[in-house]
Amino acid sequence: MVSIDRARLKSLMEREQQRFVQERPKSNALFERARKSLLGGVPMNWMAKWAGAFPPFVREAQGAEFFDVDGHRYIDLCLGDTGAMTGHSPSATVSAIEQQIRRGITLMLPSEDAIVVGEELQKRFGLPYWQFALTATDANRFSIRLARQITDRPKILVFNWCYHGTVDETFITLADGVAKARRGNIGPPVDPALTTRVVEFNDLDALDEALSGEDVACVLMEPALTNVGIVLPEPGYHQALREITRKYGTLLVIDETHTICAGPGGYTRAENLEPDFLVFGKPIAGGVPGATYGFTEEVAQCIGARQSLEDCDTGGVGGTLAGNALSLAAMRATLQKVLTKEAFDRMLPMAERWTTGVAKGIADFGLPWNVTRLGCRAEYLFSPTTPKNGTQAHDAMDFELERFMHLYAMNRGILLTPFHNMALMSPVTSKEDIDHHTKTFRDAVKELVA
Ligand SMILES: Cc1ncc(COP(=O)(O)O)c(C=O)c1O
């Protein structure tokens, strides 16, 4: 198999950096201006991670594409890291927002939309009760709090190299089998090893051992890891995991924020999983901030039995703007008219086409890479085999190479996520979009191995 010549990679990267800067004078000027009022020249620290010398500033986005201020068109395979999986500004969501925004945005009172959304979520995911938050991070945090309260247990369990948003308890990784704060963890309130156990995905023995002390309130998991490349569960894994969690009285929180890519009811519905809590955020309102968490009848009863009317606003679950009228109107339209089964029927073949194109590129040029797909999300990894767990996936990451692939794509009008090599399909992503990626990917690897 071919190996990457690092000197060649460096010189190609320099060439691509020059091209990126030369072709984007307006973004460059905006970035220089932004540096005077925004930390690092970006409104949110992650935006510093784009592979160019500065991020392209966006003029407008629509459907599966956007234009930067210099007039470049990009096929958007990042889609706001799933926040815009619906395609940008889907018309049904936009109409609902336009109507609602004139009739009140936030009230601390419910609207009928909340019920319709709750009913829709029941049908999709099979859980009876729902609550709302503004971000998936918050929905995870609230689920964890409730799980701790119900079980009266202090700890949670997550999987190595998981990501569930900025939830303090989850910034933990295994280093040679020892649980430690994740690299880069900013100002942890306590050592996360005090709050959290961490085991490898697909390792049932480790899970059994970690839960056997019966002090773990909940397992928080993505049903397939999606934030360190894609790591799929082995056959029978979920069933055994559920048996183990039940054996030790540990609740199961399934975070479907990314794995909604598996279908309208996420991986949970596609594979008939039985979580106690389910979290879904990001695209639920077409990009308008909103998230939800649902739970079983039994969990609902346990929550109800412990609820205090007097203290319910200061108990650590909620948020002034959570469940606001605007995000619920947007959720209603998005769930009923945008993220539909018909939309998934269009998205899945596009992801298959993307995966086939990348796999052929990898094979034709003899690269030790592989590509994995989960529903309408796909990802290539710099390793010859598909990873079984977070460590294997993380070990295959190559920051330098990743940045080159991203920048090469950006210079040719394609946006991948700034984190790893993920491509997501929207309901309006076209065959031409995919074929342009396939060609660009082939051109990039051809130059790399030349
Ligand atoms: C699986 C998963 N859960 C939760 C989150 C947090 O979402 P947000 O940043 O919108 O709170 C993310 C973000 O990437 C995620 O990937």
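**Close-up views of a predicted model**

**View 1. The ligand and its polar partners.** In this predicted model, an oxygen atom of the ligand is placed 2.6 Å from an N or O atom in the side chain of K282. Two further side chains offer polar atoms to the ligand: one in N227 lies 2.9 Å from an oxygen atom of the ligand, and one in D255 lies 2.5 Å from a nitrogen atom of the ligand. Taken on its own, the ligand has 390 Å² of accessible area, and the protein covers 89% of this area.

**View 2. The shell of residues around the ligand.** There are 14 residues around the ligand, and those that come nearest are T137, N227, D255, H258 and K282. Sorted by class, the shell consists of eight polar, four charged and two nonpolar residues. Helix α5, which spans residues 136-151, supplies three residues, the largest share of this shell.

**View 3. The buried face of helix α3.** Which residues of helix α3 (residues 91-101) are buried? They are T93, A96, I97 and Q100. When the helix is seen down its axis, these buried residues fall within an arc of 100°, and therefore they line one face of α3. The partners against which the buried residues of α3 pack are α4 (112-125) and α10 (325-338).

**View 4. N389 in its loop.** N389 is found in the loop between β14 (377-381) and α12 (390-395). Is N389 buried or exposed? With a relative accessible area of 14%, N389 is buried, because a residue counts as buried when this value is under 20%. A polar atom of the N389 side chain lies 2.8 Å from the backbone nitrogen of Q392. If its neighbours within four places in sequence are left aside, N389 is in contact with E200, F201 and V231.

**View 5. Two loop residues with a positive phi.** Most residues other than glycine have a negative phi, and this view turns to two residues with a positive value. S89, although it is not a glycine, has a positive phi of about 45°, and S89 sits in the loop between β3 (73-76) and α3. N202, which is likewise not a glycine, has a positive phi of about 70°, and its place is in the loop between β8 (196-199) and α6 (204-211). As for their surroundings, S89 is partly exposed, with a relative accessible area of 38%, whereas N202 is buried, with a relative accessible area of 13%.

Definitions and conventions
Residues numbered from 1 in each chain as written. Predicted model: local features only at pLDDT ≥ 70, side-chain atom pairs only at ≥ 80, totals over all residues. Heavy atoms only, no water. Near = heavy atom within 4 Å. Polar contact = N/O pair within 3.5 Å; in protein donor to acceptor, adjacent residues only side chain to side chain. Areas by Shrake-Rupley, 256 points an atom, 1.4 Å probe, with all protein chains shown as cover. Helix = DSSP H or I, 4+ residues; strand = E, 2+ residues; numbered from the N terminus. Nonpolar A, V, L, I, M, F, W, Y, C, P; charged D, E, K, R; others polar. Buried < 20%, exposed > 50% of the residue type's maximum accessible area, 1.4 Å probe, protein only. Arc of directions from axis to C-beta. Contact = heavy atoms within 4.5 Å.
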